[in-house]
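Biologist: I would like to go through this model with you. May I put some short questions as we look at it?
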Amino acid sequence: MADLGKKYCVNCLADVTNLRLRCTDCPDIELCPECFSAGAELGNHRRWHGYQQVDGGRFSLWGPEAEGGWTSREEQSLLDAIEQYGFGNWEDMAAHVGASRTPQEVMEHYVTMYIHGNLGKACIPDNIPNRVTDHTCPSGGPLSPSLTTPLPPLDISLAEQQQLGYMPLRDDYEIEYDQDAEKLISGLSVNYDDEDVEIEMKRAHVDMYVRKLRERQRRKNIARDYNLVPGFLGRDKKDKEKEKPGTPGVTGTAGGVGAAGAGSGTAGPGSTTVAGSGPVPSTPKRKITKEEKDQRVRLRGLCQFMAHREFEDFFENMHKERLLRAKVRELQRYRRNGIARLEESSEYEAARHKREKRKENKSVVTSKRGSGGGGGLGSGIGMGGTGGGGGVAGGMGVGGGIKEECKDGEFSAIENLTGFELLSDREKVLCNSLNLSPARYLTVKTIIIKDHLQKRQGIPAKSRLPSYLDKVLKKRILTFLTESGWISRDAS
């Protein structure tokens with residue numbers, strides 16, 4: 001005889017006293033959880049009918065071996081509480097479940113069974129598309145500390161702060177760039193019944209506002225980087241005026257210009273004097289030329305795309321490029337003058353400097369001799385009695401000039417150049433007077449003598465003289481070679 005206090009499944013006749021599912025459409029239809037899950041249908045009962053859970057209060061959803069002994073009624077109260085109060089409000093959830101459960105037990109049971117348990121693994125996907133992301137990480141996110149850390153406030157006086165409307169504690173201005181940018185989001189609100197189009201529209205408004213904020217911050221950074229605020233307040237001019245009277249050199253113990261050559265005298269601007277030593281030069285700032293200033297004005301539009309350091313490096317590299325181009329032109333000039341090694345360049349520059357000095361001295365001597373030239377010619381005529389005598393005297397005068405130049409021994413301009421040891425004394429005087437390098441002179445001499453020999457043999461010869469040889473130099477070299485007997489007078 002069956003126990004009258006027990007309930008049985010109408011499909012499998014299993015004991016369902018602790019937990020059964022009753023159909024709300026069909027009377028007297030009560031199924032066990034297994035038959036209900038399988039979709040059992042009896043008579044007029046169908047599996048899509050509504051149902052009601054009937055629990056005796058002693059049924060354990062996770063089995064008798066589950067930790068804590070939570071009954072199905074407590075499990076249902078826990079799920080109702082998580083939906084009503086939200087995840088994390090464990091005190092309110094524990095009060096809703098019952099006085100027998102503490103907030104710590106409620107939290108541990110829900111996390112263990114519904115999140116990390118089999119039910120959580122089956123229901124919660126690995127990748128949640130709308131999961132909340134922590135943007136406060138230092139990896140460059142929109143709200144990372146590296147982007148939101150405020151800059152130190154400007155070092156300006158209270159009057160200047162009032163003039164600019166600057167708030168140092170917030171590093172903001174009363175009138176910011178795009179002052180009405182906040183109107184884009186001031187009226188936004190997120191509602192649960194918003195459609196997708198409305199949500200995307202609100203996101204677009206937020207993106208527009210974020211772009212305006214970034215542009216505002218970028219302008220602040222540019223003003224800070226290029227010191228535009230001190231320039232606006234006129235501090236740069238004041239600082240320059242203060243630096244001007246404070247830059248004169250510090251006079252040493254043995255003052256005076258003469259003592260400066262000995263290492264103790266007046267230390268010029270950009271240097272400091274250390275006790276017990278000479279002036280120690282510092283690294284002065286490079287002087288900017290007028291051309292570079294104009295170029296900076298033309299290219300100042302690049303300031304909004306480059307940092308101040310990058311902008312300065314850009315012009316510094318352009319200055320280095322100009323220096324390199326000048327050095328390349330100098331090396332090309334050395335090569336055209338027959339200098340193939342860098343060690344010879346210093347000797348060449350010294351010789352060039354002496355040649356320029358000698359030219360200046362010759363121009364002065366020529367101007368002085370202009371007044372005495374007529375007297376010399378008259379004395380020559382008086383001594384010789386004829387015009388020929390005067391010519392001889394003039395020739396002797398020229399010879400005396402050459403001997404005087406030889407006497408001075410001013411061959412240092414060409415004596416270190418290639419081919420100097422191959423020249424005779426008269427050729428050395430000629431090259432020195434013409435400012436012609438020995439190598440070039442030997443090249444011209446070889447070409448002229450070779451052409452002369454080919455003409456004597458009846459072979460037609462084309463003039464192959466170098467381009468640097470003008471008519472005056474050619475005439476003087478031909479005259480010298482004729483007088484020296486290298487070629488005949490007919491050839492010259």
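Modeller: Arg219 lies over the face of Tyr177, 4.0 Å from the ring centre. A charge is said to sit over a ring if NZ of Lys or CZ of Arg is within 6 Å of the ring centre and within 35 degrees of the ring normal. This is a predicted model: local features need pLDDT of at least 70, side-chain atom pairs count only at pLDDT 80 or more, and totals for chains, interfaces and linings use all residues. Residues are numbered from 1 along each chain as its sequence is written, and side-chain values use heavy atoms, with hydrogens and water left out.

Biologist: Over which ring does the charged end of Lys445 sit?
Modeller: The ring is that of Trp486, and the charged end of Lys445 is 3.8 Å from its centre.

Biologist: Turning to ring pairs, how many aromatic pairs are there?
Modeller: The count is nine aromatic pairs. Rings of Phe, Tyr and Trp (its six-membered ring) pair if their centres lie within 6.5 Å; planes under 30 degrees apart count as stacked, over 60 as edge-to-face and the rest as tilted. One of the pairs is Phe87 with Trp90, which is edge-to-face at 5.1 Å centre to centre, with 80° between the planes.

Biologist: Is Phe87 buried or exposed?
Modeller: Phe87 counts as exposed, because its relative accessibility is 54%. Trp90, in contrast, is buried, with a relative accessible area of 12%. Buried means under 20% relative accessible area, exposed over 50%, and partly exposed in between (1.4 Å probe, protein chains only).

Biologist: Which residues form one aromatic cluster with Phe87 and Trp90?
Modeller: Tyr110 and Tyr114 join Phe87 and Trp90 in one aromatic cluster.

Biologist: Now the cysteines. How many disulfides are there?
Modeller: The count is zero, where a disulfide is a pair of cysteine sulfur atoms within 2.5 Å.

Biologist: Why is Cys12 not in a bond?
Modeller: The closest cysteine sulfur to that of Cys12 is in Cys35, and the distance of 3.6 Å is too far for a bond. Cys12 counts as partly exposed, at 40% relative accessibility. Cys26 is likewise in no disulfide, as the nearest cysteine sulfur, that of Cys23, is 4.0 Å away. Cys26 is buried, with a relative accessible area of 11%.

Biologist: What about the interior: how many residues has the largest nonpolar core?
Modeller: That core has 18 residues, and those with the most contacts inside it are Leu434, Tyr441, Ile448, Ile477 and Leu481. A nonpolar core is a set of buried Ala, Val, Leu, Ile, Met, Phe, Trp, Tyr and Cys residues joined through side-chain atoms within 4.5 Å.

Biologist: Which helices each supply at least two residues of this core?
Modeller: They are helix H17 (425-434), helix H18 (438-456) and helix H19 (471-484). The largest share, five residues, comes from H19. Helices (H or I, at least four residues) and strands (E, at least two) are DSSP runs, numbered from the N terminus.

Biologist: What does Ile448 touch?
Modeller: Leaving aside residues up to four places away in sequence, Ile448 touches Leu465, Ile477, Leu478, Leu481 and Ile487. Contact means heavy atoms within 4.5 Å.

Biologist: Finally, in what order do the three strands of the open sheet run?
Modeller: The order is S2-S1-S3, with antiparallel pairing; two strands pair if DSSP finds at least two bridges between them. The edge strands, S2 (30-31) and S3 (51-55), each pair on one side only. Strand S1 (residues 19-23) and S3 pair over five bridges, and Leu21 stands opposite Gln53 in S3.
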